[in-house]
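Here is a short set of exercises to work through with the model open beside you. Try each task on your own before you read its solution.

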Amino acid sequence: MKLTRREFMKTAAVLSGAVGADLGSGGKVLHALSESKVPLAQEIKTGVVTCPGNGCHQNCGLRAYVQDGVVVKIDAAPFPDPAVTHACVKGLASGRWLYHPERLKYPMKRVGERGSGQWERISWEEALDTIASKTKEARDQYGSQSVWIAPGSSSYYNRLGNDVGARLGNLLEGVEGWGWFTSGDNASLAATGLLFGYYWFFGDHIRDAVNYKTYVLWGYNLAESAPRDMKYLLEAKERGTKIVYVGPVFNKTAAVADWFIPVKHGGDSALALGMMNLMIEGGLYDVEHLKSYTCGPLLVRSDNGLYLRESDIEAGGSEENYVVWDSVTNTAVVVPPGTAPVPDLNPSLLGTYTVDGIECKPAFQLLADRAAEYPLGRASQLSGVPQETIREFAMELATTEKVYHNVGTGPGRAYHGTLESRAPFTLAVVTGHLGIMRAGGASATLNSITQATEAKTVPVFVGDLTQGIKDGTYPVKVYINVGSNKFWSSPNARITWIEGVLPKLDLFVTYEVFMTWTAQYADIVLPDTTIFESLNLSTPEDHLLLTQPLVEPMYDCKSDTDFWPELAQRLGFGEYFDKTAEGWIEEQLASGDPSVEGITLERLKSEGIVRVNAPPTPLHYPRPCRTPSGRIEFYNEILLPIGEELPIHKDSLEQEQFGSKYPLNLITTRIMFFMQSMYTNVDFLREIIPDPYLEINPTDADARGIGNGDVARVFNDRGEFKVKARISQALGPGTLNTPHHFWPEDFIEGHPSLVIGPAEEDINPIQRVYPTFGNNGSATGCLWDCLVEVEKA
Amino acid sequence: MVKHYGMAMDLSRCIGCHACSIACKIENGLEVGMNWHRVETIGEPGAKVGEDLPAGTFPDLSMYWLPIPCMHCINPPCMAVCPASAISKRADGIVLIDKEKCIGCKYCVWACPYEVPQFNPLDGTVEKCTFCAHRVDQGEEPFCVHVCVYGARVFGDINDPHSEVSKLIARKHGRVLLPEQGVEPAVYYLGP
Amino acid sequence: MGIEYSLLILTLFSGLAIGSTSLAAVAELGDFTQKSERFKEVSKWGAYLALPCLIIGLAASVFHLGRPLAFLNGLSNLGSSWISREGVFGILFLILVAIYALFWFLAGRGGAVSKVWRLVVGILSTLSALALVFSTGMAYAMVRAIPAWNTPLTILFFAVSAFLLGTLLVGTTLAVRSLMAKSVEEKAVLLASLQPFAGLGTILVITLIVVGGLRLIHLSVATTQAAGQSLSLVTSSLLGLTLARVIIGMVLPLVAMAYAWSKVRSRPETINTWMIVSFVCVLAGEVMARALFFLTAVHV
């Protein structure tokens, strides 16, 4: 008797009997788990485990209590630095995974059509032999780029298995799909890259929130996305910091905040520009900051939009030097790149000047001109923020000294995600509110084990890769997906994957803990172990954490740490995989870096969590920036071809194509009870959030005759899904929200990933013009631009 | 004065994450469907546990959360009405149900103003939050207090004016829920 | 709250038993003082009907428990629990009414139990029955956490309901026997026994209506939010059930009994049909009333 997920949820209260009989030891163990009351008895052993829900990137540690081989309780593992000690509601519930009756138990191959759910059990031997032979076939016929090994976050993050798999991937010289469809992360990185030249999450450590009078969160649901950090925000609030939340939905962060500013998705640029306009009109901007550290005073040619260079006005002049207009001498003055102060110079930020017959304006004048295109009425209409609120917010920011802007990934989940993410940063630049950026967390410098030789995978942006597989550019025939629920996360499940990539593949392997939507369509499904059953080294802030197996791998599951070497052996690369899991970790620790001095595997085995010997990481501070001019660049020449050299509001691609037909914007936020598509099958968490729901404003609901609890059909040209409506004031008219986490089995019909756009067609245009920097490009999936209509089903 | 255990809930620090409710289930080995602790959403009237529905009209909204353990009342109505004398109050104030004596009449479920006792259909008796007496007796705090990283819950002797919990209640003007019921709960709420 | 079916059965059937016994004791007293045959029928049937009703009611209350086999534990808190008291009085009532019924049974078989003893046991049974309904009422009325219950009117409701149910049960039995009676003398005795029932029934229904009205007023003036919610349930989702309860359980019996009362001199056999009709209506009405009692129970 195989339970569907729905059936499991309903019968969860009577787990012990019939289910136990079906599952053998797993069921009995689950029964034991639910029967046990936990006394503080001597026979309980504890062990440290990295939290599997680490999609939040907080890398918390859990302490698991094991009694007679059963994990009976989870708590937060105590860290040497107690500020890092934390377990959120998901972490605490992680123990419910280990004995979940729907875990994959043995390797299987499909015997029906892909997605038909017809499986036959096979041995690991047969699985490995098949994968190896198909891989060899593909490589012989199509070359090394016919193989795509894709590690993911699945049952746990920071996985050793990912690194071992990447080691094989590199040796095979297959393709590597980098970047993400799914998040606004890339857009934020591109934004900070354009402004400051730094492609990593930028700004203060959250510990410093308390230093500010006003702390603004832009599209960053910190309470639910970074639960451990929330304590700092609460502390700041208690000590007088005013918390402002800017975003489309009134979520937990907004509820705790002192001020909720309701910006529509895609409206951040308009809001920021409207505010900048008011500030510039009122002369309320940080003149010194703009003059000294930004591109503000640098003259820009009116004819071609490029910065005026020394080489433009002087023979033999350098292309590297820029020109400003000195208001003291009333002449053009050449300045080198960087922010070193030039004595006796007072460059203008505004005005129009002619230098050697070339008309120029300081970049700040251009920004002012641009901002002037967003008077209050227009800014309000495009952003959804009431005019009075824009004015109040602008005045407050302009007249408060200690303000911090914490920009999240929300604004970036758009076709114009980079523009949207740039906007709040630009605002912060204008007011000189860039944070104090004291040191961040320390980290260990470990050896990488992914490069056995010089051989390396070919990195392709994942949007280009999926498109390339569809149109034959990339002859990928073998795709080994480890713990990445692509159908769920990467739009569009049908267009990109089921009808796009899959038909081109000879072999599709998924390595998973559960039969996810993606796994259902595989040719071979391999059962992964959970974090409780395998060895792993993770890097929480300031520490190293060794996860040691607490229980034997359950059923016929195998950690991919042990899988890759066996596959490598069959492919002739066995010599590079001569280590055990412990051996890999020893190699990682043997970097010789001072941060890991004195930290051995033995020490980690006995202590579990060890503080690294590194000082706190100095945070990037944009003085000088790594931009071409060495200054903060809110004016980016490189984006002239697409008209985005300055902040600007642009309607999304969807708006242009479908705005009239589909008037509602569907966004799919995350809530703190689930982590991407993980934890939705944990019974305790489903008691709190039993079913998917569609948040809809009463105005939109009434206009369509949809009542609270009615089944609603959400649709557009790409697909549809059915879900119960929840009439809510938490969002404004014109926006719909459904938490993305649930699986198709949980929805009444369909899934949001069927209506959300395929990423490869809708790539952020910046991707095409902006040079990428290794792994951190500007590409993003415009997930939240999704336009739909809804009706009562 | 005689010790009486109690709690202070600092609602300005509660984000409604329900970690306390889940922690309680784990600590006490509770089944699906059995919850000794709940967190209510105070927003739109009628919002169920787990539904973040704010009060007000967009965008002028408000929402906060109310964690509800057993109040371990000074004057517990559950104890007064129990026909089986299954409910008793310890010297330190903790109110406990003796499942051996309980006959499952559910009268305490009716009598509790906070709807705290829960009928367990698997064994036909009623159970409820014990302030983790088994932990308290070993010098530890209740597990729900232990897991709350935001400092929204403080546990201690409310009869001792120098205890952390008493000082917090005094400083932030703690109040009890439904004082007119006359049961004198030992759990105080501060803020939000 | 959802409908607690076993408690519905408990209060309904114990109510029938309480009412029958009380009526029987009154008739017993009448018989003792006035020496008329017509009282004997009433007290005999009152005793006979009370016993099975009480057994059904008490059985239902035991099965309401999560652990029925441990029900004796439930008698331990006489100091503060009305449920414990309810249990003790219930058992006492059962014993006494069993003896009372036995006395009537022996009397029918020519047994030598004197009228005095029958009266004593009848009165004792009634006292324990009254203690039972009082305890039941108090058990609900004492729950301050459920404002809809938290009034002395709750006790009054259960008491009046019991008297009405018991009276009509006995009356219906007599009416059915009257309709089936073969001999003219039998019929005459039964009709004579039934004579006060129309008036008594009418007065009891009116009392029930008054108590019901007062309970509604109590809900309307109560200040708690929970009471307000109880009231709004009555006027919205439970409106149909409430109207049915009033019309079927109050208006129809009132009309029937009043009509029968008006005919008590001219055509006394009118009472037969209308008594049966009233009883069926009141029975349905009291089931609905108890369902409403639970459905409108809103916690603070």
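Two residues count as being in contact when their C-beta atoms, placed from the backbone, lie within 7 Å. Keep that cut-off at hand, and keep in mind that the model is a predicted one.

**Exercise 1. Chain B as a whole**

Task: Describe the make-up of chain B, and find what share of its contacts with a separation of 6 or more comes from residues 24 or more positions apart.

Solution. Start with the secondary structure: chain B contains 6 helices and 11 strands. Next, take the radius of gyration, which is 16 Å for chain B; the globule rule gives 16 Å for 192 residues, so chain B is as compact as a globular protein of that length. Along the principal axes, the C-alpha atoms of chain B fill a box of roughly 50 × 40 × 35 Å. Then turn to burial: 56% of the 192 residues in chain B are buried. Last, the contacts: of those in chain B with a separation of 6 or more, 56% are between residues 24 or more positions apart.

**Exercise 2. Chain A and its domains**

Task: Give the secondary structure of chain A, then its domains, and describe how domain 1 meets domain 4.

Solution. Count the elements to begin with: chain A has 29 helices and 30 strands. Buried residues account for 57% of its 793 residues. Among contacts in chain A between residues at least 6 apart in sequence, 75% link residues at least 24 apart.

Now divide chain A into domain 1 (5-98), domain 2 (108-173 + 444-540 + 543-611), domain 3 (187-302 + 351-440 + 624-642) and domain 4 (653-792). Between domain 1 and domain 4 of chain A, 13 residues of the former are in contact with 15 residues of the latter. On the domain 1 side, helix H1 (5-11), helix H4 (89-93) and helix H5 (95-98) of chain A each provide at least two residues. By type, that side of domain 1 of chain A consists of 7 nonpolar, 2 polar and 4 charged residues.

**Exercise 3. A helix pair in chain A**

Task: Work out how helix H19 (residues 462-471) and helix H21 (residues 493-501) of chain A pack.

Solution. Begin with the geometry: the axes of H19(A) and H21(A) are 10 Å apart, at an angle of about 35 degrees. The handedness comes next, and H19(A) passes H21(A) in a left-handed crossing. Then list the residues: A:Thr466, A:Ile469 and A:Lys470 of H19(A) meet A:Thr496, A:Gly500 and A:Val501 of H21(A). Sorted by type, the residues of this contact are 2 nonpolar, 3 polar and 1 charged.

**Exercise 4. Which chains touch?**

Task: Which chains share the most contacts among the 2 pairs that touch?

Solution. Take the pairs one at a time. The most contacts are between chains A and B, with 44 residues from chain A and 35 residues from chain B taking part. On the chain A side, the elements that each supply at least two residues include helix H3 (25-35), strand S3 (70-76) and helix H27 (683-688) of chain A. That side of chain A divides into 27 nonpolar, 8 polar and 9 charged residues.

Chains C and B meet through 22 residues from chain C and 22 residues from chain B. Helix H3 (residues 82-108) of chain C contributes the most to the chain C side, giving 3 residues. The chain C side holds 9 nonpolar, 11 polar and 2 charged residues. Chains A and C have no contact, and their closest C-alpha atoms lie 17 Å apart.

**Exercise 5. Chain C and one of its residues**

Task: Describe how the two parts of chain C, domain 1 (1-142) and domain 2 (145-300), meet, and decide whether C:Val300 is buried or exposed.

Solution. The C-alpha centres of domain 1 and domain 2 of chain C are 20 Å apart. Across the boundary, 28 residues of domain 1 of chain C are in contact with 30 residues of domain 2 of chain C. The largest share of the domain 1 side, 10 residues, is from H1(C).

For C:Val300, locate the residue in the segment after helix H9 (270-295) of chain C. C:Val300 has 20 C-beta neighbours inside 10 Å, so C:Val300 counts as buried. Beyond its neighbours within four places in sequence, the contacts of C:Val300 include B:Pro113, B:Leu178 and B:Gln181, along with C:Ala145 and C:Thr224.

How values were computed
Residues are numbered from 1 along each chain as its sequence is written. Chains are lettered from A and ligands numbered from 1 in the order in which they are written. This is a predicted model: local features need pLDDT of at least 70, side-chain atom pairs count only at pLDDT 80 or more; totals for chains, interfaces and linings use all residues. Domain bounds come from an automatic or database domain assignment. Helices (H or I, at least four residues) and strands (E, at least two) are DSSP runs, numbered from the N terminus. Ala, Val, Leu, Ile, Met, Phe, Trp, Tyr, Cys and Pro count as nonpolar, Asp, Glu, Lys and Arg as charged, and the others, Gly among them, as polar. The radius of gyration is taken over C-alpha atoms; the globule rule is 2.2 Å times the number of residues to the power 0.38. A residue is buried if 20 or more other C-beta atoms lie within 10 Å of its own, exposed if 12 or fewer, and partly exposed in between; C-beta atoms are placed from the backbone. Axes are lines fitted to C-alpha atoms, for helices over the stretch in contact, and angles run from 0 to 180 degrees between N-to-C directions. A crossing is left-handed if the near helix is turned anticlockwise from the far one by less than a right angle, and right-handed if clockwise.
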